[in-house]
2 protein chains.
Amino acid sequence: MSSRSQTIADILTRAIIDHRLVPGCKLGERELSEIFDVSRIVVRQALIRLADDGLAQIERNRGAFVAKPSMQEAMEIYDALTLVEQGVAAQLSDRLGPAGWAELRQHVERQRQAVASGNDALADVLGQEFHSVFVRLSRNKVMQEIHAQLVRRTTLLRSLITADFDYCNLLDDHSRVVDLLEKGRLKQAMDLIDTHHRAVVRGYIMDREVYAEMTPAEALAPYLDGKTDSATAPIAPRKPKTSGNGDGTAHVHVHLPKQDPAPKSRASTKKTNRGLPA
Amino acid sequence: MSSRSQTIADILTRAIIDHRLVPGCKLGERELSEIFDVSRIVVRQALIRLADDGLAQIERNRGAFVAKPSMQEAMEIYDALTLVEQGVAAQLSDRLGPAGWAELRQHVERQRQAVASGNDALADVLGQEFHSVFVRLSRNKVMQEIHAQLVRRTTLLRSLITADFDYCNLLDDHSRVVDLLEKGRLKQAMDLIDTHHRAVVRGYIMDREVYAEMTPAEALAPYLDGKTDSATAPIAPRKPKTSGNGDGTAHVHVHLPKQDPAPKSRASTKKTNRGLPA
DNA sequence: AACCGTTGATTGATATCCAATCTTGTGGTT
DNA sequence: AACCACAAGATTGGATATCAATCAACGGTT
C-alpha cells in the first residue's frame, strides 16, 4: 500500500477528473484534513503531488486551488497531446503487430456499439480511453505517463469551456485513424489526429466563469466510502460564496450522481461529449 | 520566495544532474534535514517532488533513493525524447521565423567555436543546451517542461553507463538538423534526430555498478550558500566553502552553473562528456 | 556455518505550537 | 455614502516532539 498522501492525491485527482472539483476551487488544508481525517501535513503532501501533476496550483501563503489553465495553456496542452499522439502513430505504423491492430479495432467496435445502443456515457468513456489504449500499444511506460498526465489536464479544460459545436463528425475519427495507419498512410493519419484535436480546441470558448456547485466535503464524499465515517458528516455545508453578485445568476445546481465516474451532462442538451476528442 | 521544500528539491535536482548524487544513493530524511538545517517534513516534501519528477524513488518504510533506471526504462526515455524532438522539429519547420533560425544557428556557431578553441567543457554544455533551445522555440511551455524532465532523467543514465564510442560524429548533427529543417527536408531531419539519439543509446552498456564517491553532505556542500535562505539565490553557484574535503577520492567535482533554459551560458568547469548527445 | 530473535535505526504519521502573511471586518474620515 | 486605515481573525508554512510500524543489522544458539 502506498503512502496516505498518495492515496489522497489519487482521490483528489479522481474528483477533479470527474468535475466534482472545478478549476479555481480552494483546497484548504484544514478542510481537507478533516474530510480525509488525516493531519494537515499529509494533505499538504498530497497537494504538492497534485501541483507537480499540473492539476493544482499552490500560491504562497494563500493555499492550493484546482488549476485553472489559461486559453494559452489550453492550446499548449492540446498541441503537446497532438505531438505525442502523432509520434506514437508513427511508431505504431512501423512496429505494431496484428494483435495490436486487433485491439484497436476491437476498441473502436465497442465504442461503435455503445453509440448504436444509445449508451452515450459508455461511448464517452470509451472514446476517451481510445487515446490511452493507442499510446499503451507503444509499450513505452514513460510516454504513457506523459500522455496520461496531458489527458488529465485536458479534463480541467472541459470545465472551463462551452462546447457548442457538433462532435458527431469526430466519432469516426478513431476508426479512420486505425484504417489509415494500418494501410501505411501515416501522413494522412497524422493529419487526421491534428484535425481531431484542433476541432476540439476550436470549439473552446473559455469565457465561462466556473464556481463550485458543492463544497469539497460534498464533492469528495463519494470517494470516502471505504473506512472513514460516511455516516456521520457533521461538516456543515455552506453555500459557495457568490463574491458580490447577489447570486442572481441563473445557474442550475445539479448534483452529479454519486458513484458515477463518468461525467455526463443531463439530457437537456443533445451534446453529451463535453470536449474530449471522442 | 518559493517554498523551502521546492528550494531543497531544486538543489537535490542540481546535485543529481551534476552527478554528485549518483543513482542508488540513499537520501535519508534525517541526514538531509541536518544538511539543510530544516525539519524532516520539509525534506520529505522535497523528496516527493523529486519522486514525481522521476529522479528519486521512494520505497515504503525504506526511504528515498536516487532513481536507478533500468535499461528498458533508459530506452523508453530516449524513445520519448526522440518522439518529442521530432514532433517539435515538424512544428518548427512550419512555423519558425527568421529570428528563430538565427538563434539556432547562433547557438550551433557558439558550440563550434567552443570546440575549435578546445573548450570542451563549454562545448559540452552548449551541446546539451541545444536541445532545450530547440524545444523552447516551439513556444510551448508545457512541451518544454516535459522535455526538460526527460533530459533530466537522461542525466541519471550517464552515471550508469560506460560510454565507449566516439561522439565526434555527433558534433555536427545539430548543424545538420538546422540545415535540413530550414531547407524543408523535414523527413531527413527527423531521421537524423532519431539516429542522433539512437547512437547514444547504442553506446550504453549499463553494467556499471555505481557507488557513492562521497556522502550526501559532501555532495551537497557546494550548493549550501551561507544559509538556506532562498531569497538570495535559488541555486547558488559553486562556493568551495567545502570544509574538510579530504575524501580520499582523487575526483574533482565542480559545479556547472546554470539556471534556466533561458539566455546566457556561463560555463566554467571541466567535466567529461559521458554520453549526452552533443 | 546456518538459523533465529532482539535491538537499534528509520520511516510514516500525528499533535501542538509559533511566526508570517493574507483576509476580513470595523470604524473613523471625508 | 464612499474610502481609507487599522486591528482582529483565519490560514499557511514551518518546527518540534512523540509514537507505532517496519526494516536492518547484530549477536547468540544450534
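**Entry 1: surface near DNA strand D**

I began with the composition of the surface near DNA strand D in this predicted model. Its residues divide into 4 nonpolar, 6 polar and 8 charged.

I then looked up which residues come nearest to DNA strand D. There are 18 residues around the strand, and the nearest are A:Arg40, B:Arg4, B:Ser39, B:Val42 and B:Arg62. I noted that sugar and phosphate make up 69% of the atoms of DNA strand D that come within 4 Å of the protein.

Next I went through individual polar contacts. For A:Arg40, I found a side-chain N or O atom 2.9 Å from a base nitrogen of DNA strand D. For B:Arg4, a backbone N or O atom lies 2.7 Å from a phosphate oxygen of DNA strand D. For A:Glu29, I recorded 3.0 Å between a polar side-chain atom and a phosphate oxygen of DNA strand D. I also asked which elements give two or more residues to this surface: they are H3 and strand E2 (56-59) of chain A, together with H3 of chain B.

**Entry 2: surface near DNA strand C**

I turned to DNA strand C and listed its surroundings. I found 18 residues around this strand, with A:Arg4, A:Ser39, A:Val42, A:Asn61 and A:Arg62 the closest. The residues of this surface comprise 4 nonpolar, 6 polar and 8 charged. Of the strand C atoms within 4 Å of the protein, 71% belong to sugar or phosphate, and the rest to bases.

I checked three contacts to phosphate oxygens of DNA strand C. A:Arg4 places a backbone N or O atom 2.8 Å from one. A:Ser39 has a polar side-chain atom at 2.6 Å from a phosphate oxygen. From chain B, the side chain of B:Glu29 has an N or O atom 3.1 Å from a phosphate oxygen. Helix H3 (40-52) of chain A and helix H3 (40-52) of chain B each supply at least two residues of this surface.

**Entry 3: helices H8 and H9 of chain A**

I finally examined how helix H8 (residues 173-182) and helix H9 (residues 186-202) of chain A pack. Their axes are 8 Å apart, and the packing angle is about 160°. Angles over 145 degrees count as roughly antiparallel, so I recorded H8(A) as roughly antiparallel to H9(A). The crossing of H8(A) with H9(A) is left-handed.

I listed the residues that meet. H8(A) contributes A:Asp173, A:His174, A:Arg176, A:Val177, A:Leu180 and A:Leu181. H9(A) contributes A:Leu186, A:Gln188, A:Ala189, A:Leu192, A:Ile193 and A:His196. I classed the residues of this contact as 7 nonpolar, 3 polar and 2 charged.

Terms used
Residues are numbered from 1 along each chain as its sequence is written. Chains are lettered from A and ligands numbered from 1 in the order in which they are written. This is a predicted model: local features need pLDDT of at least 70, side-chain atom pairs count only at pLDDT 80 or more; totals for chains, interfaces and linings use all residues. Side-chain values use heavy atoms; hydrogens and water are left out. A residue is near a molecule or strand if one of its heavy atoms lies within 4 Å of it. A polar contact is a pair of N or O atoms within 3.5 Å; within protein, one must be able to donate a hydrogen and the other to accept it, and residues adjacent in sequence count only if both atoms are side-chain atoms. Helices (H or I, at least four residues) and strands (E, at least two) are DSSP runs, numbered from the N terminus. Ala, Val, Leu, Ile, Met, Phe, Trp, Tyr, Cys and Pro count as nonpolar, Asp, Glu, Lys and Arg as charged, and the others, Gly among them, as polar. Axes are lines fitted to C-alpha atoms, for helices over the stretch in contact, and angles run from 0 to 180 degrees between N-to-C directions. Angles under 35 degrees count as roughly parallel, over 145 as roughly antiparallel, 65 to 115 as roughly perpendicular and the rest as oblique. A crossing is left-handed if the near helix is turned anticlockwise from the far one by less than a right angle, and right-handed if clockwise. Contact means heavy atoms within 4.5 Å.
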